[in-house]
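Here are a few short exercises to work through with the model open beside you. Try each task before you read its solution.

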Amino acid sequence: MDTITTQSPPRWRTMLDRLRNWSLANSPWLVHYNSGSCNGCDIEILATLTPRYDLERLGVKLQGSPRHADVLVCTGPVTRQSADRLRRIYDQMPEPKFVVAVGACSISGGAFRGCYNILGGVDEVIPVDVYVPGCAPRPEAIIHGVAVLLKKLQPDRAEEIDRLLVEAGAVVGEEEGIDEPNAELLGAR
Amino acid sequence: MNAPATERFVVPIGPQHPALKEPGHFEFTVEGETVVDATVRLGYAHRGIEKGAEGRNWTQTLYLIERICGICSHIHSTAYAVGVEQLAEVEVPARAQAIREIICELERVHSHLLWLGVAAHDAGFDTLFMYTWRDRETVMDILETMSGNRVHYSANVLGGVKFDLTDESAVAILKGVEFLEERTHHYRKVVSEDAFFLQRTRGVGTMTHAEALALGVVGPTARASGVARDVRLDAPYVAYADFPARIQLLTAGDLEARFLARLDELLDSFRLIRVLVAGLPAGELTAKRMPRKLKPGEVISRVEAPRGELFYYIRSTGGEQPDRVKVRTPTLCNMGSVITQTIGHNLADVPMILVGIDPCFSCNDRAVTVRRAGDDNGRAWAWADLRRYGIDYYRRIRN
């Protein structure tokens with residue numbers, strides 16, 4: 001996060017950061033890593049990208065290489081085998097980078113907490129920016145998680161993103177309203 | 001740069017790779033374009049569920065077992081529940097068994113559609129991927145109407161099921177099945193007629209009947225090679241004795257046959273779901289009483305998961321917790337066939353051959369030790385032993 005707000009940086013640096021944030025927030029590229037998940041969250045992430053939910057309308061694209069990615073989407077608890085890989089994938093991503101932990105397991109280990117091969121949640125290994133709870137989280141919740149991240153990067157686009165969310169069906173309209181505490185719960189650290 | 005054709009390269013794939021949705025590591029030795037050797041390294045998703053089950057009581061284990069796999073979660077919990085009920089000598093009402101079977105078949109529909117999409121994606125046919133996933137949402141909606149959740153439906157409780165089939169969900173099921181049946185006929189046409197797609201599937205990864213028997217493959221992978229093996233018919237569980245499935249056999253044994261076998265199974269599932277909804281027996285949803293402690297004993301439970309035979313061994317020593325739960329999943333049986341099938345094929349065909357068995361690494365990644373009969377009675381493995389063993393093992397297969 002330190003690349004976004006640095007203390008009294010030179011002017012060119014601020015400009016560059018703003019440009020980088022602008023391009024990133026308009027089209028974040030995701031890379032997905034399953035560090036020991038049951039597949040439940042993985043298929044919901046795929047469902048999020050396919051026609052019914054179509055996350056691509058927010059400019060989001062899932063692609064293969066960590067070196068091209070802005071956002072690492074993690075699913076599952078971290079197993080002892082995959083901890084190393086997870087750290088390596090995170091290290092390979094260029095700055096600035098963000099991590100979204102999808103599912104109860106990636107938050108705390110979930111149902112598998114206490115099993116001998118489980119280290120715990122994703123934040124045992126790498127820093128996490130947004131947590132999406134659920135077992136498995138509905139595609140709407142995953143969209144919401146990504147939107148929370150995007151709004152954090154570009155506060156002045158918040159309204160536009162909210163409108164897109166309502167259109168995507170991820171949030172019910174204002175009248176029914178999404179509870180504030182709920183939004184906080186889903187929100188960033 | 002043209003390397004001489006005799007030069008060998010090792011191409012590592014995974015654990016994070018665009019062609020893999022799950023972590024697994026493969027090393028393919030190639031000579032030019034041709035794969036001459038393949039090794040697989042599994043275990044990235046090994047979580048220690050079997051051991052974890054021993055620290056939970058019978059009911060808690062049900063929910064842990066369900067999370068072995070997010071795609072076929074119901075079949076895992078069914079296998080476990082059927083086994084535990086047999087241990088407890090509890091009679092499950094007929095209506096509950098039939099509802100279990102409906103969910104089993106709906107799960108097969110969702111799993112096969114999911115697979116069709118992912119397989120098409122690996123073939124570079126993203127249009128088909130998007131269409132199947134759009135249609136798959138229909139069955140996800142049905143499951144959600146019935147259970148309230150899209151992925152882990154938690155339909156089973158020990159001794160029965162948690163929810164009834166309401167008139168509302170029966171209507172939703174019939175409507176959804178009608179739509180999906182029409183779409184499946186269309187997909188069957190695409191898969192068997194599209195010239196470009198056939199170039200990726202016809203004659204690729206062929207496994208003869210004899211090879212399939214020798215490798216011990218299960219499920220649609222075996223049935224596409226003409227091996228008549230389906231637990232739903234061989235050893236009917238839940239309500240499959242009253243509402244039997246029909247076996248879908250093909251003989252070609254190539255990737256195309258594996259596509260068609262699964263699509264035929266989809267069509268049969270639709271038929272079966274209609275029969276079940278129409279003839280659902282009346283009665284209770286759960287058994288009168290399910291004991292908290294189970295008598296000492298052991299039981300074997302076999303079910304037909306979307307990917308093939310799923311095998312459970314459950315042992316009780318009379319306590320509130322299982323003494324041992326052993327799971328053998330279909331992917332583990334089929335994985336060996338990938339390694340043998342890929343040899344001699346182009347590297348570009350490898351993802352298709354892998355996806356042809358419908359691999360599920362989260363099911364697959366469990367510890368197995370094979371002992372000869374008459375060996376010592378085994379020993380406890382400490383963490384350091386396992387680590388040592390792993391290092392030695394991979395050093396050995398590398399050389």
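**Exercise 1: the interface**

Task: Find how many residues of chain A are in contact with chain B, and describe the area buried between the chains.

Solution: Keep in mind that this is a predicted model. Begin with contacts, counted for heavy atoms within 4.5 Å: 40 residues of chain A touch 45 residues of chain B. Next comes the area: the two chains bury about 3,400 Å² between them, with 60% of it on carbon and sulfur atoms. Finally, look at who contributes: Ile43(A), Gln81(A) and Tyr116(A) supply 17% of the area that chain A buries against chain B, more than any other three residues.

**Exercise 2: polar links and the chain A side**

Task: Count the salt bridges across the interface of chain A and chain B, then work out which element supplies the largest share of the chain A side.

Solution: The rule finds 4 salt bridges across the interface. In one salt bridge, Arg52(A) meets Asp141(B) at 2.8 Å, N to O. Between the chains, 13 residue pairs are in polar contact. On the chain A side, β1 (29–34), α2 (40–49) and α3 (80–92) each supply at least two residues. The largest share, 7 residues, comes from α2(A). By type, that side divides into 20 nonpolar, 13 polar and 7 charged residues.

**Exercise 3: a helix of chain B**

Task: Check the span of helix α4 (residues 94–122) of chain B.

Solution: At 1.5 Å a residue, its 29 residues should span 42 Å, and the end C-alpha atoms are 42 Å apart, which agrees. Now burial: 27 of the 29 residues are buried, so α4(B) is largely enclosed by the rest of the structure. After α4(B) comes Gly124(B), with a positive phi near 85°.

How values were computed: Residues are numbered from 1 along each chain as its sequence is written. Chains are lettered from A and ligands numbered from 1 in the order in which they are written. This is a predicted model: local features need pLDDT of at least 70, side-chain atom pairs count only at pLDDT 80 or more; totals for chains, interfaces and linings use all residues. Side-chain values use heavy atoms; hydrogens and water are left out. Helices (H or I, at least four residues) and strands (E, at least two) are DSSP runs, numbered from the N terminus. The expected span of a helix is 1.5 Å times one less than its number of residues. Buried means under 20% relative accessible area, exposed over 50%, partly exposed in between (1.4 Å probe, protein chains only). Buried area is the accessible area (1.4 Å probe) that two parts lose on being put together, summed over both. A salt bridge is a side-chain nitrogen of Lys or Arg within 4 Å of a carboxyl oxygen of Asp or Glu. A polar contact is a pair of N or O atoms within 3.5 Å; within protein, one must be able to donate a hydrogen and the other to accept it, and residues adjacent in sequence count only if both atoms are side-chain atoms. Ala, Val, Leu, Ile, Met, Phe, Trp, Tyr, Cys and Pro count as nonpolar, Asp, Glu, Lys and Arg as charged, and the others, Gly among them, as polar.
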